[in-house]
Amino acid sequence: MSQAFAIPSAPVLQIEGGVATLTLNRPAQRNRLENGDLKTLLAHIDTVNQGADVRVLVLTANTTGQPRPVFCAGYDIGGFDEPGHGSTFFEEIPDALAAMRPVTICALNGSVYGGATDVVLACDLRIGLQGIEWRMPATALGLHYYPSGLRRYVNRFGLAGAKRAFLTARPFTDRQLDAMGLFEALEPADQWGSALQALVKDILALAPLALQETKKSLIEIEAGQADEARLREREQLTSQSEDFKEGRTAFAQRRSPVFVGR
């Protein structure tokens with residue numbers, strides 16, 4: 001980690017080369033999320049959405065000095081006692097992350113617990129670190145989880161996996177998560193970083209306009225809000241774009257395309 005992470009802080013946003021990296025930065029507290037951290041995350045998400053040149057967001061954590069890496073220990077339950085906060089406020093974070101304009105990758109470099117598991121699920125793609133643990137303890141704490149989080153669990157884990165998560169509160173191993181198709185890749189520590197870089201590189205090579213419009217459509221389809229006419233409009237938009245012309249030309253010439261995003 002760079003000097004930017006030498007002192008524990010609210011989540012840190014860095015933007016370079018079309019990639020925004022958002023890092024949880026309280027390793028000594030196992031990157032537990034406090035209400036102030038949630039407000040910072042919302043502000044960073046808004047900043048990234050407004051940056052038209054940002055095409056990929058990577059969400060990760062500083063695990064320096066931890067005996068066993070923990071991406072996030074979840075929401076600080078003491079925050080429930082603060083007026084206007086609690087699970088309803090926490091829900092805004094994964095909901096905002098799920099609706100982001102760029103493609104989002106969770107670089108899951110440690111175990112994850114509680115509400116932070118929904119933050120991971122809200123990302124489009126995930127790179128996992130071998131040996132991590134995943135646990136949703138809501139019912140063990142006496143809590144019925146918020147609606148959008150339950151929907152994400154059912155959508156990503158299937159009903160059987162979601163029932164196991166919430167109705168037993170037992171942890172999942174990395175292999176169990178991988179078997180459910182959660183990860184784009186599940187890698188050992190010495191290969192995890194290169195797998196993440198390869199995924200980011202592949203996404204950056206795609207046509208920006210088609211990528212952005214396709215993500216919008218997939219989100220709407222998942223939410224049951226898809227409109228056939230709107231999907232057709234996006235299809236027509238991209239079929240008439242300079243990028244599609246360049247993509248076909250590059251394919252015919254057996255070279256890599258140079259997309260411009262229009």
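1. The second largest pocket of this predicted model has a volume of about 390 Å³. Its lining is made up of 21 residues, and those nearest the centre of this pocket are Tyr75, Ile77, Gly114, Gly115 and Leu141. Sorted by class, the lining of the second largest pocket holds 13 nonpolar, five polar and three charged residues.

2. The largest pocket, for its part, has a volume of about 650 Å³. It is lined by 22 residues, and the closest to its centre are Ala98, Arg156, Leu218, Ile219 and Glu222. Three helices each give two or more residues to this lining, namely H3 (92–98), H5 (147–168) and H8 (208–222), and the largest share, eight residues, belongs to H8. The classes in the lining of the largest pocket are nine nonpolar, four polar and nine charged residues, which a student may like to set beside the 13 nonpolar, five polar and three charged residues of the second largest pocket.

3. The next topic is enclosed space. Rolling a probe the size of a water molecule over the atoms shows where empty space is left. How many cavities of 30 Å³ or more are there in the model? The count comes to two, and the largest cavity has a volume of about 50 Å³. The residues around the largest cavity are Leu22, Leu41, Ile45, Leu59, Ile93, Leu97 and Val119, with H1 and H3 as the elements that give two or more residues to its lining. By class, this lining has seven nonpolar residues, with no polar and no charged ones.

4. The second largest cavity has a volume of about 40 Å³. Among the residues that line it are Ser9, Ala10, Pro11, Leu24, Asn25 and Asp37. Strands S1 and S2 each supply at least two residues of this lining, and the largest share, three residues, comes from S1. Its classes are four nonpolar, three polar and three charged residues, whereas the lining of the largest cavity has no polar and no charged residues.

5. Turning to the sheets, strands of a sheet pair through backbone hydrogen bonds, either parallel or antiparallel. One open sheet in this model has six strands in the order S1-S2-S3-S5-S7-S10, and its pairing is mixed. Why is one side of S1 and of S10 left without a neighbour in the sheet? Strand S1 (9–16) and strand S10 (185–187) stand at the edges, and each has a single partner strand, so one side of each has no neighbour in the sheet. On average, and with direction ignored, neighbouring strands of this sheet are turned by 15° against each other.

6. Within the six-stranded sheet, strand S7 (residues 125–129) is joined to S10 by three bridges, and these two strands run parallel. Leu129 stands opposite Glu187, a residue of S10. Helix H1 (residues 35–50) packs on this sheet, where it touches S1, strand S2 (19–25) and strand S3 (56–61), and the direction of H1 makes about 15° with that of S1. Helix H1 was also met above, as one of the elements that give two or more residues to the lining of the largest cavity.

7. A further open sheet has four strands in the order S4-S6-S8-S9, again with mixed pairing. Here strand S4 (70–72) and strand S9 (172–173) stand at the edges with a single partner strand each, so one side of each is left without a neighbour in the sheet. Strand S6 (residues 111–113) and strand S8 (residues 133–135) run parallel and are joined by two bridges, and Tyr113 has Arg135 in S8 as its bridge partner. Helix H4 (residues 115–122) lies across S4, S6 and S8, and H4 runs at about 115° to S6.

8. Finally, one residue deserves a comment of its own. Thr63 has its place in the loop between S3 and S4. Is Thr63 buried or exposed? The relative accessible area of Thr63 is 19%, and buried means under 20%, so Thr63 counts as buried. Apart from its neighbours within four places in sequence, Thr63 is in contact with Pro27, Pro69, Val70 and Asn109. The C-alpha atoms of Thr63 and Val119 are separated by 17 Å, and these two residues are 56 residues apart along the chain. Val119 is itself one of the residues that line the largest cavity.

Methods. Residues are numbered from 1 along each chain as its sequence is written. This is a predicted model: local features need pLDDT of at least 70, side-chain atom pairs count only at pLDDT 80 or more; totals for chains, interfaces and linings use all residues. Side-chain values use heavy atoms; hydrogens and water are left out. On a 1 Å grid over the protein atoms alone, a cavity is a set of points where a 1.4 Å probe fits but cannot get out, and a pocket is an open set with protein on both sides within 12 Å along at least five of seven lines; lining residues have an atom within 4 Å of a point. Grid points are joined across faces, edges and corners, and a volume is the space filled by probe spheres set on the points. Ala, Val, Leu, Ile, Met, Phe, Trp, Tyr, Cys and Pro count as nonpolar, Asp, Glu, Lys and Arg as charged, and the others, Gly among them, as polar. Two strands pair if DSSP finds at least two bridges between them. Axes are lines fitted to C-alpha atoms, for helices over the stretch in contact, and angles run from 0 to 180 degrees between N-to-C directions. Contact means heavy atoms within 4.5 Å. Buried means under 20% relative accessible area, exposed over 50%, partly exposed in between (1.4 Å probe, protein chains only).
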